[in-house]
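Visitor: Hi, could we go through this structure together, slowly, with the terms explained as we meet them?
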Amino acid sequence: MTSDGNATWPGEAVFCADCGARLKRALLYSRERGVCPDCGRIDFRSPSVAVAVVLRDPEGRILMVKRGPGSSRSGLWSIPAGYMDYGEDVREAGAREVLEETGLVVQVGDPIFVATNFHDPLKVSVCIWFSGRVVGGRLEAGSDAVDTGWFALDDMPDLAFDTDADLFRQIR
């Protein structure tokens with residue numbers, strides 16, 4: 001938001017969530033933030049948390065999902081991933097997302113990569129990629145995925161997110 005009250009990031013608050021007054025910009029804690037001139041509330045905008053689970057087959061290929069209509073980056077491929085629900089454990093969120101998108105039941109292991117996603121300026125997220133192991137289910141596209149496939153690191157399809165490519169460079 002600029003000093004005249006206009007947002008600088010898409011979706012940034014213009015009005016106070018507590019009292020409804022128009023926010024003013026002020027330099028606080030080393031960056032500009034919205035501050036309510038009436039009640040003093042400081043608008044701290046937090047990123048969402050997303051989780052992804054990297055599954056590998058015996059040949060070392062990685063399971064990817066093709067994103068369906070209505071999802072961001074439709075038609076492109078990504079590691080099974082999604083946003084955490086409030087009150088949900090991070091590993092449970094990863095297992096839920098894999099089940100919803102692939103039909104597979106997984107055991108979620110250790111974190112292997114963390115990055116900030118800026119692909120959607122309305123919903124900046126911090127994503128945690130975990131290792132995972134298939135323990136059940138049947139592979140089939142579901143929820144916001146329209147296809148699934150196992151891909152070698154040197155033969156990836158068109159990726160939806162630069163951060164998946166960053167991960168692949170790290171694990172080569």
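Guide: Let me begin with a term: on a 1 Å grid over the protein atoms alone, a pocket is an open set of points where a 1.4 Å probe fits, with protein on both sides within 12 Å along at least five of seven lines, and its lining residues have an atom within 4 Å of a point. Grid points are joined across faces, edges and corners, and a volume is the space filled by probe spheres set on the points. Please keep in mind that this is a predicted model, in which local features need pLDDT of at least 70 and side-chain atom pairs count only at pLDDT 80 or more, while totals for chains, interfaces and linings use all residues. Residues are numbered from 1 along each chain as its sequence is written, and side-chain values use heavy atoms, with hydrogens and water left out.

Visitor: OK, so how much space lies in the second largest pocket?
Guide: The second largest pocket holds about 290 Å³ of space. It is lined by 23 residues, of which Arg-67, Ala-81, Gly-82, Tyr-83 and Phe-161 are the closest to its centre.

Visitor: And which elements give two or more residues to that lining?
Guide: Those elements are β4, β7 (81-83), α1 (90-102), β9 and α2, where helices (H or I, at least four residues) and strands (E, at least two) are DSSP runs numbered from the N terminus.

Visitor: Let's switch to helix α2; which of its residues are buried?
Guide: In helix α2, which covers residues 162-171, the buried ones are Thr-163, Asp-164, Ala-165, Leu-167 and Phe-168. Buried means under 20% relative accessible area, exposed means over 50%, and partly exposed lies in between (1.4 Å probe, protein chains only). These buried residues of α2 pack against β4 (48-54), β5 (62-67), β6 (77-78), β8 (104-117) and β9 (125-137).

Visitor: What about the largest nonpolar core, how many residues has it got?
Guide: It has 16 residues, and those with the most contacts inside it include Ile-79, Trp-129, Leu-167 and Phe-168. A nonpolar core is a set of buried Ala, Val, Leu, Ile, Met, Phe, Trp, Tyr and Cys residues joined through side-chain atoms within 4.5 Å. The strand β4 gives the most to this core, with three residues. There is also a second, separate core of 12 residues, which includes Val-51, Val-53, Leu-63 and Ala-93.

Visitor: Back to α2, which residue does Arg-169 meet in a salt bridge?
Guide: Arg-169 meets Asp-166, with 2.3 Å from N to O, and a salt bridge here is a side-chain nitrogen of Lys or Arg within 4 Å of a carboxyl oxygen of Asp or Glu. Both residues lie in helix α2, three residues apart, which is about one turn of the helix. Arg-169 counts as exposed at 54% relative accessibility, whereas Asp-166 counts as partly exposed at 31%.

Visitor: How many salt bridges are there by this rule?
Guide: The count comes to 12. Asp-85, Glu-88, Arg-96, Glu-97 and Glu-100 are linked in a network of salt bridges.

Visitor: Last one: is Cys-16 buried or exposed?
Guide: Cys-16 is buried, with a relative accessible area of 6%, and its place is in the segment before β1 (24-28). Leaving aside neighbours within four places in sequence, Cys-16 is in contact (heavy atoms within 4.5 Å) with Ala-21, Leu-23, Cys-36, Cys-39 and Arg-41.
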